[in-house]
Amino acid sequence: MEAKFSTPVNRLASRVGGRGVTKIDAVAQASANVETLREDNMTCIDQNLEKLGNLLSSTSSYSESAVQELYDTSNSIFGTSALFGLDALGRGAYSLCELLSQFELAEVWNAAAVKIHLDSMGVLRKLNSADDAAKAAEIVKSLFNLVQHFEAKTAASG
Amino acid sequence: MIRRPNSQGFCLDLATASIMIVGDKANEQDILAQMLSGFGVTTIQRRASASEALRALLNETFDLALIDGEMKGNDGYELVKDIRRQTKESLRCLPIIVIRGHLKKNDVFKARDCGANFVVAKPLLPQVLFDRIVWLARDQRRFVECDTYVGPDRRIKAFGPPLGMKGRRSDDLSEHVGEATEANLSQDAINDLFG
């Protein structure tokens, strides 16, 4: 089949322009609306942190399903943390996702590396003031270094 | 360098728009619904699975779909592909934003090839969603259909973001040059340029 090109009607095109809500107003209202969900989402984040701990305790060797569940849970934390001011926790969760996706590729398991992430994420959950930003950034950097180290080690071992 | 207005200058009128949110995480659906509501959207439908979403999309016309790429079993990306295979043009060409969190190396191609208008990374902040919807509304990419891909032309770097949007290539000269502001050069003047 040869590639066929067409120009369909863009149904959104008529909705942008001079009418409607400005970006400043829209973003302010959307942010205020999202803020009403803070409590539920904080609970959800804490439950997911606890779930990660339980999953780690029950995993002693590589298991595709266990790694996937850890990954999904961590990814869920990553998806919402920054919306509620927990940027560093989100980056820690991203680092754990990166580590777990490497486990999946290499079919390996390293409980210590996961535990370091979970302990650090527990700390990052509590570091949410501007004064803590430098400390939080340092922790996140260490986690990313750990993942890079793991990646290099896995690549070297073929 | 051409100075273009940024997206701050655009207004969105989504009061009568119909938008579908598809994802299997209720809290993330709530967040998206609240953002859209803040943008003035009143008709928001939510579906928790790809099959439910496709059924609804076949029965009604939507202006935009926000699809979580990470639903169980990569259903999000598959749903986009299914939509792009439909015969009804209004559904096949539906503007789609896929939202994804961490992307595994194996899934990079799935995200690129599914046929979504945009794949946007989490955390999805309200300003990012607003920008993407404005971008989508001003998107003039052609729609491509071939054996291996159906969706908007992916060669976006050839022309950069739409006029007025921020982005890596937003300072590129525009293809929309507009009317000439001075008289054309005469043939003699052109000949002089080449010595």
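## From an exposed loop to the cores of a two-chain model

D131(A) lies in the loop between α5 and α6 of chain A. This is a predicted model, and D131(A) makes a handy place to start reading it. With a relative accessible area of 72%, D131(A) is exposed, because anything over 50% counts as such. From C-alpha to C-alpha, D131(A) and F5(A) are 54 Å apart in space, with their positions 126 residues apart in sequence.

Another loop of chain A, the one between α4 and α5 (111-126), holds E107(A). The phi angle of E107(A) is near 50 degrees, a positive value in a residue other than glycine. E107(A) also counts as exposed, at 58% relative accessibility.

**Where the chains meet**

Let us turn to the interface. On the chain A side 51 residues are in contact with 57 residues of chain B. Between them the two chains bury about 4,700 Å², and 58% of that is on carbon and sulfur atoms. Which three residues supply more than any others of the area that chain A buries against chain B? They are R11(A), R15(A) and K23(A), with 17% of that area.

F5(A) comes back here: R142(B) lies over the face of its ring, at 4.2 Å from the ring centre. Within chain B, the charged end of R141(B) sits over the ring of F118(B), 5.4 Å from its centre.

**Aromatic rings**

Over all chains, the structure holds six aromatic pairs. One of them joins F103(A) and F150(A) edge-to-face, with 5.1 Å centre to centre and 65 degrees between the planes. The angle is over 60 degrees, so the pair counts as edge-to-face. This pair links distant parts of the chain: F103(A) belongs to helix α4 (residues 87-106) and F150(A) to helix α6 (residues 133-156) of chain A, 47 residues apart. Both partners are under the 20% limit and therefore count as buried: F103(A) has a relative accessible area of 0%, and F150(A) one of 12%. Elsewhere in chain A, F78(A), Y94(A) and F144(A) form one aromatic cluster.

The relative accessible areas given for single residues fit in one table.

| Residue | Relative accessible area | Class |
|---|---|---|
| F103(A) | 0% | buried |
| F150(A) | 12% | buried |
| E52(B) | 35% | partly exposed |
| E107(A) | 58% | exposed |
| D131(A) | 72% | exposed |

**Chain B and its helix α2**

Chain B has 195 residues, of which 51% count as buried. Its secondary structure comes to seven helices and eight strands. Among the contacts in chain B with a separation of 6 or more, 66% are between residues 24 or more positions apart.

Helix α2 (residues 50-59) of chain B is worth a closer look. Its buried residues are A50(B), A53(B), L54(B), A56(B) and L57(B). They share the same side of α2(B), because they cover an arc of only 165 degrees around the axis. What do these buried residues pack against? Their partners in chain B are β2 (18-22), β3 (43-47), α3 (75-84) and α4 (89-92). On the other side of α2(B), R55(B) and N59(B) are exposed.

E52(B) is found in helix α2 of chain B as well, and at 35% relative accessibility it counts as partly exposed. The C-alpha atoms of E52(B) and V22(B) are separated by 9.1 Å, although the two residues are 30 residues apart along the chain.

**Two nonpolar cores**

Which members of the largest nonpolar core touch the most others? Of its 70 residues, these are I97(B) and L129(B). The element that gives the most to this core is α4(A), with eight residues. Another core lies apart from it and has 23 residues, among them A53(B), A56(B), I67(B) and I83(B). A53(B) and A56(B) are also among the buried residues of α2(B).

Leaving aside neighbours within four places in sequence, I97(B) is in contact with residues including L64(B), L66(B), F118(B), L129(B) and L136(B). F118(B) is the residue whose ring has the charged end of R141(B) over it. I67(B) is also in contact with I97(B), while being a member of the core of 23 residues.

**A cis peptide bond**

One last backbone detail is in chain B: a cis peptide bond joins K122(B) and P123(B), with omega at about -5 degrees. P123(B) is found in the loop between β6 (118-121) and α6 (126-137).

Technical notes:
Residues are numbered from 1 along each chain as its sequence is written. Chains are lettered from A and ligands numbered from 1 in the order in which they are written. This is a predicted model: local features need pLDDT of at least 70, side-chain atom pairs count only at pLDDT 80 or more; totals for chains, interfaces and linings use all residues. Side-chain values use heavy atoms; hydrogens and water are left out. Rings of Phe, Tyr and Trp (its six-membered ring) pair if their centres lie within 6.5 Å; planes under 30 degrees apart count as stacked, over 60 as edge-to-face and the rest as tilted. Helices (H or I, at least four residues) and strands (E, at least two) are DSSP runs, numbered from the N terminus. Buried means under 20% relative accessible area, exposed over 50%, partly exposed in between (1.4 Å probe, protein chains only). A charge sits over a ring if NZ of Lys or CZ of Arg is within 6 Å of the ring centre and within 35 degrees of the ring normal. The arc is that of the directions from the helix axis to the C-beta atoms. Contact means heavy atoms within 4.5 Å. A nonpolar core is a set of buried Ala, Val, Leu, Ile, Met, Phe, Trp, Tyr and Cys residues joined through side-chain atoms within 4.5 Å. Buried area is the accessible area (1.4 Å probe) that two parts lose on being put together, summed over both.
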